[in-house]
Amino acid sequence: MKKETQGCKYCGYEKTSKRTKKPFDEFIKELKESRGDEFTYVSGYNGASSKAIFRHYMKDGSYHDFKMVPKDLINGTYYCPCCSGYQIYIGYNDFNTRRPELVKYLLNPEEGTKYSEYSNHILEWKCPDCGNILKKKISEVSTRGICCPRCSDGISYPNKFMYNSLLQIKDYLNYIEREFRPDWCKYTYNEKECFGVYDIYFEKDNKKYIVEMDGGLGHGNRTYTKSDKSKDELLDIDKIKDLLAKEHDIEVIRINCDYGSNDRYSFILNEVLNSKLSSILNLSLIDFKKSNILSQQSLLLKTVELWNDGYSVGKISSEIGVFSDTVTHYLKSAQKYGICNTYSIKESRNRSISNKIVCITTNKEFDSIVDGAKFYNTLATSVSKCCRHKAGYAGYYNGQKLIWMYKTEYDNFPKEKLKDYVPKEDNNYTKVVCLNTGEIFDGIIYAAEKYGVLDSGITACCSKTTHYSGKDSDGNILVWRYLDEYKQMTKEEINTLLSYKSMGKKKVICLNTLQIFDNAYEASVWCGLNNKLILQSCCRNEVRFAGVHPDTGEKLNWLYYKDYLKEKEAA
């Protein structure tokens, strides 16, 4: 026989109704007995099974309201839904209240009051730097920031914060480097060869230190959204990197940056002040508020700003403390998204060829284009164009047009002809002569097309930055001069240039293109490096890459030609 849980089937509803619709006074009494003064009733009571509004008093004296079934609150079945993140109370756990520093990114700030900081709801956000509109989950922005694909630099806030802090006391350090990539930090993990990168490296009092800013992603905490590694694997990698550093007498200091829902700046600052760094460095010399402000700025946009001021890739690298490859990546990204329209591989190579310039109007020398432009209050880009024969002048001084030259060109230019010197309006269409054949071309681009060489190489040769550019079908080097200069040359001068041999210099080969250069200097000019040292290091297998291909932007690998031949014979 079926058990009647409510007694008579005709009066069961009445019994159930009486139990669920408990008298209000009795309900308040039970709430007080079970929950004390932490929770109080506000409004909407209509029985034990219908939601009503309650108030939760916090220990700090604040409170927030929420909806819940009365019997669940009395029985302790569930806790406060606001504290658990299931309900929103504006002013307590909404996104705008918990993450006020991120509200400025919301396209519609009012939307932030409807969701918690770790909600998976997608909202529209506006990058304050470049104005790009993008759609992202609230939880993603709370965890990683806005991360605008157009102008974000890919370097985390904790990393920037530590670097900007240490940079303020660099005079007390022997050396400092960000994104430290030592050749010895390589290891095999899951049958794959890996290369490690450390956040910050510095030296002080003949001791070496590495600072790792361990954020909420990786380091045994939450794994990366798109990572193919587990939390344990990421923690294993940290241990491997620590061991490699220890083997090279470097102490690793790890700073916990997993700030979660806490204020990012306050949390990280507290961890830094309580770390071993406080016993190594005088942290009282650091303005951490300044570090916080600087760390919220995009290095990509700073790169564009410096580029537009006439800086070369090498100078930008030194200014912001990242590798030249990273600077080039920033500029290419900025060009792709229309943030920087003046960047090109050719322009980058031109800026790296020569640093010193001369204003021939005033006979004043400067260490860089930027210095000259600032001195005469003109645009660095205009000075650069004048030096490259793409503009007739750049700026004025006492009513006179200022004419500029690269120092290397100035040193070789006949001084008695300087007063009559006028830069070419467009160097590509300036007549040039191949000294080997005496052939005259109406423009550099036509000469470059015939012999399959770079027009920038012929320009460098005409400016005497390099001795030659390209080779003929018999392997003879090709030497070039502007037609105006060629007319003033004697046969002996031409023969001397054609008989030039790079005695005592080692040939190098680009393994990407198998192109052979007579020496590291000429190769470094071709691939846009400021000097030949990094390329020579690559030839000795001390670094993996040196420079980029002037047309494709591909990273280049090098060997001394004699070593290449030995390896080829051995194979």
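How many helices and how many strands does the protein chain have? In this predicted model, the protein chain contains 24 helices and 22 strands. Of its 571 residues, 45% count as buried, and the chain exposes about 31,200 Å², of which carbon and sulfur atoms supply 48%. Where contacts join residues at least 6 apart in sequence, 46% of them link residues that are at least 24 apart.

A place to begin is the interior. In soluble globular proteins, nonpolar side chains tend to be buried together. Here the largest nonpolar core has 28 residues, and those with the most contacts inside it are Leu166, Phe202, Ile268, Val272, Leu277 and Leu281. The elements that each give two or more residues to this core are helices H6 (157–167), H8 (264–273) and H9 (277–280), together with strands E9 (198–204), E10 (207–215) and E11 (250–257). Leu277 can serve as an example of how the core is joined: leaving aside residues up to four places away in sequence, Leu277 touches Met162, Phe202, Val211, Ile253, Ile255, Val272 and Leu283.

One of the strands that contribute to this core, E9, is mostly covered, with six of its seven residues buried. Strand E9 pairs with strand E6 (residues 175–180) in the antiparallel sense over five bridges, and E9 also pairs with E10, again antiparallel and over five bridges. Glu203 can be followed through both pairings, since in E9 it is the bridge partner of Tyr175, while the bridge partner of Glu203 in E10 is Lys208. E9 and E10 form a hairpin with two residues between them, and in that turn Asp205 has a positive phi of about 55°.

The backbone angle of Asp205 leads to a wider point. Most residues other than glycine have a negative phi, and most peptide bonds are trans. Glu179, which is not a glycine, nevertheless has a positive phi of about 50°, and Glu179 lies in strand E6. Asp249, also not a glycine, has a positive phi of about 60° and is found in the loop between helix H7 (231–247) and strand E11. Asp249 is exposed, with a relative accessible area of 66%.

Further along the chain, helix H12 (residues 313–320) has as its buried residues Val313, Gly314, Ile316, Ser317 and Ile320. Because these residues cover an arc of only 165° around the axis, they lie on the same side of H12. Just after H12 comes Gly321, which takes a positive phi of about 75°.

The cysteines are a last topic. Why does the structure hold zero disulfides, and what can be said of Cys461 in particular? A disulfide requires two cysteine sulfur atoms within 2.5 Å, whereas the sulfur of Cys461 is 5.9 Å from the closest cysteine sulfur, in Cys462, and is therefore too far away for a bond. Cys461 counts as buried, at 0% relative accessibility. Cys539 is likewise in no disulfide, and the nearest cysteine sulfur, that of Cys538, is 6.2 Å away. Cys539 is also buried, with a relative accessible area of 2%.

Key:
Residues numbered from 1 in each chain as written. Predicted model: local features only at pLDDT ≥ 70, side-chain atom pairs only at ≥ 80, totals over all residues. Heavy atoms only, no water. Core = buried A, V, L, I, M, F, W, Y, C linked by side-chain atoms within 4.5 Å. Buried < 20%, exposed > 50% of the residue type's maximum accessible area, 1.4 Å probe, protein only. Helix = DSSP H or I, 4+ residues; strand = E, 2+ residues; numbered from the N terminus. Contact = heavy atoms within 4.5 Å. Areas by Shrake-Rupley, 256 points an atom, 1.4 Å probe, with all protein chains shown as cover. Arc of directions from axis to C-beta. Pairing = 2+ DSSP bridges.
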